[in-house]
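Biologist: I would like to learn how to read a few features of this model. Please take them one at a time.

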Amino acid sequence: MQKIIRIGTRDSELALWQATKVQKLLEELEYNTEIVPIKSTGDIVLDKPLYELGITGIFTKNLDIAMLNGDIDIAVHSMKDVPTVLPEGIVQAAVLKRANYNDILVLKDNEEFLAQPEGVIATSSLRRKAQWLNRYPTHNVEDLRGNVNTRLQKVKDNEWNGAIFAAAGLERIGKRPKGAVNLSWMIPAPAQGAIMVTALAEDDFSVDACNQLNDVDTETCTSIEREFLNRLEGGCTAPIGALAYINEVDKELVFKGVLLSRDGKKKIEVSKKVPVGRHKYVAKDCANYIIERGGKILMMEDLGVEKEFSIFSTKTLSEAQKKLLPTTVKVEDSDFIKIRFNRIPPKVVKQEIDNVIITSKNGVESILNSFTVDELQFKNIYCVGRRTKKLIEQKIGKVAFSARNADKLSQYLAENISGQEVTYFCSDLRLDNLPTKLAQNNISVNEVEAYKTMYSPSKVDDKVNGVLFYSPSTVESYMKENTADKIAFCIGDTTAKEAAKFFKEVKTAKLPTVESVIELVNTHFVKA
């Protein structure tokens with residue numbers, strides 16, 4: 001029986017239209033599908049402008065989590081809402097042929113106000129607001145949130161002159177008003193008008209199915225736009241526009257980009273034309289042009305406001321991970337744990353080992369620090385964590401079973417290998433719960449100290465509101481220099497259990513990943 005591809009989508013009318021479009025295309029190729037609607041943070045938090053929420057990917061995160069949790073196989077997004085860096089393990093499987101990429105002005109009455117000094121229009125987009133104020137500096141711009149139908153109704157109910165919408169959204173669901181004005185002078189959001197389908201990198205079936213829907217020209221143009229955005233380090237909190245299209249007559253790829261100050265008073269534009277097929281450096285060249293003319297300074301001036309909240313990560317975050325945080329949150333980080341690999345005695349792996357337990361990526365690296373893959377004779381490997389599993393299968397071999405945490409792993413082993421022996425490659429600071437539970441269930445544990453975990457704490461400022469923890473050891477290290485008068489954001493249940501010994505408020509991520517901990521921070525401070 002062929003696999004049913006579960007299509008994840010937001011539950012708005014437009015999002016469901018897009019998911020249904022993908023569903024029809026897949027079913028025309030004789031794939032079986034079903035649609036799974038999921039709410040997003042952007043749909044739930046409607047009392048703040050998107051740029052104040054400051055979260056990139058606000059409409060996509062819940063779909064990412066659902067996919068990583070195995071609740072859906074693919075996700076359908078308005079491509080302009082998707083962060084330029086996808087979560088680890090998720091890939092772009094298809095970009096559908098682009099629709100109308102323009103912004104349009106939906107009028108309350110007529111266009112006469114455009115020549116008047118006191119016009120009022122509405123939009124939740126910082127990019128649209130900045131471009132409008134640059135063109136009409138005496139006008140006022142009001143915030144407009146909600147789904148398409150809600151926003152259209154608000155135009156009718158308020159004393160505005162009009163509101164700005166993406167043309168594609170209204171046209172797809174048949175709700176573009178007859179008198180709407182095409183804003184051809186306004187540079188759209190990167191990838192506006194395009195639909196992206198994402199899937200798990202390891203799900204070959206779904207990826208192969210979606211690859212057949214891909215439009216090469218749209219993929220080329222939107223990739224350039226998104227690279228331009230990424231190189232400027234912008235998200236939904238920066239007024240950045242980008243448009244690439246192919247001029248079929250001249251066989252040229254045309255690019256236009258813009259960066260503005262939030263009030264629209266400053267604007268840096270760039271445009272470039274290259275022969276089709278010679279576009280590799282267009283995004284880089286255009287982003288550098290903007291930067292060289294003060295782009296970074298312009299953005300820094302806009303972000304010069306004092307941060308509302310402050311967090312501290314007990315593990316160094318990458319720049320991509322920091323970009324996932326709201327602009328209202330200040331972040332500091334430091335590695336509170338340092339790892340030193342031990343030299344594991346050769347006799348440990350001299351004979352084939354029936355059952356091996358590895359509970360962290362450090363465990364994997366420590367084994368490979370002492371032995372080559374050819375020396376390892378592991379019959380069954382059991383592990384904790386999706387990323388640990390991925391690393392094991394990349395560098396050692398197939399994993400027999402992977403659990404979310406040590407408790408779930410011990411439960412599985414108790415049910416499946418009772419009476420047998422396991423070899424547990426662990427740290428000198430490992431918790432007792434796993435070997436204790438295994439021993440209670442008649443499983444003999446041969447512990448091999450593969451690496452040492454050394455505390456490396458630093459003093460955290462009293463003004464910090466929350467601390468991010470990634471293991472029980474990071475909690476222990478933190479407590480050697482600091483107090484527990486903050487919120488603890490934890491990567492998993494075991495870490496949360498350790499944090500609960502000291503902290504009054506402990507929050508646990510849905511997935512054992514750094515990105516999921518950051519999502520936890522985002523959700524908390526958006527609601528704050």
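Modeller: Start with cavities. On a 1 Å grid over the protein atoms alone, a cavity is a set of points where a 1.4 Å probe fits but cannot get out, and lining residues have an atom within 4 Å of a point. Rolling a probe the size of a water molecule over the atoms shows where empty space is left. Note that this is a predicted model: local features need pLDDT of at least 70, side-chain atom pairs count only at pLDDT 80 or more, and totals for chains, interfaces and linings use all residues. Residues are numbered from 1 along each chain as its sequence is written, and side-chain values use heavy atoms, with hydrogens and water left out.

Biologist: Which residues line the largest cavity?

Modeller: Its lining consists of Lys459, Val460, Asp462, Tyr478, Asn482, Thr483, Asp485 and Lys486. They split into 2 nonpolar, 2 polar and 4 charged. Here Ala, Val, Leu, Ile, Met, Phe, Trp, Tyr, Cys and Pro count as nonpolar, Asp, Glu, Lys and Arg as charged, and the others, Gly among them, as polar.

Biologist: How is the sheet of 3 strands ordered?

Modeller: Strands are DSSP runs of E, at least two residues, and helices are runs of H or I, at least four, numbered from the N terminus. Two strands pair if DSSP finds at least two bridges between them. This open sheet runs β11-β12-β13, with antiparallel pairing. β11 (240-247) and β13 (267-275) each have a single partner strand, so one side of each lacks a neighbour in the sheet. Between β11 and β12 (residues 252-260) there are 8 bridges. Ile240 has Leu259 of β12 as its bridge partner.

Biologist: Which strands does helix α5 touch?

Modeller: Contact means heavy atoms within 4.5 Å. Helix α5 (residues 126-135) packs on the sheet and touches β11, β12 and β13. Helix α9 (residues 216-231) also packs there, touching β11, β12 and β13.

Biologist: Is helix α4 enclosed or open?

Modeller: Buried means under 20% relative accessible area, exposed over 50%, partly exposed in between (1.4 Å probe, protein chains only). In α4 (residues 61-68), 8 of the 8 residues are buried, so the helix is largely enclosed by the rest of the structure. Lys61 and Asp64 are among them. Gly70 follows α4, with a positive phi near 85 degrees.

Biologist: What does Val91 contact?

Modeller: Val91 lies in strand β4 (residues 90-95). At 28% relative accessibility, Val91 is partly exposed. Beyond its neighbours within four places in sequence, Val91 contacts residues including Leu86, Val197 and Val207.

How values were computed: 1 Å grid on protein atoms, 1.4 Å probe; cavity = no way out; pocket = protein on both sides within 12 Å on 5 of 7 lines; lining within 4 Å. Axes fitted to C-alpha atoms, helices over the stretch in contact; angles between N-to-C directions.
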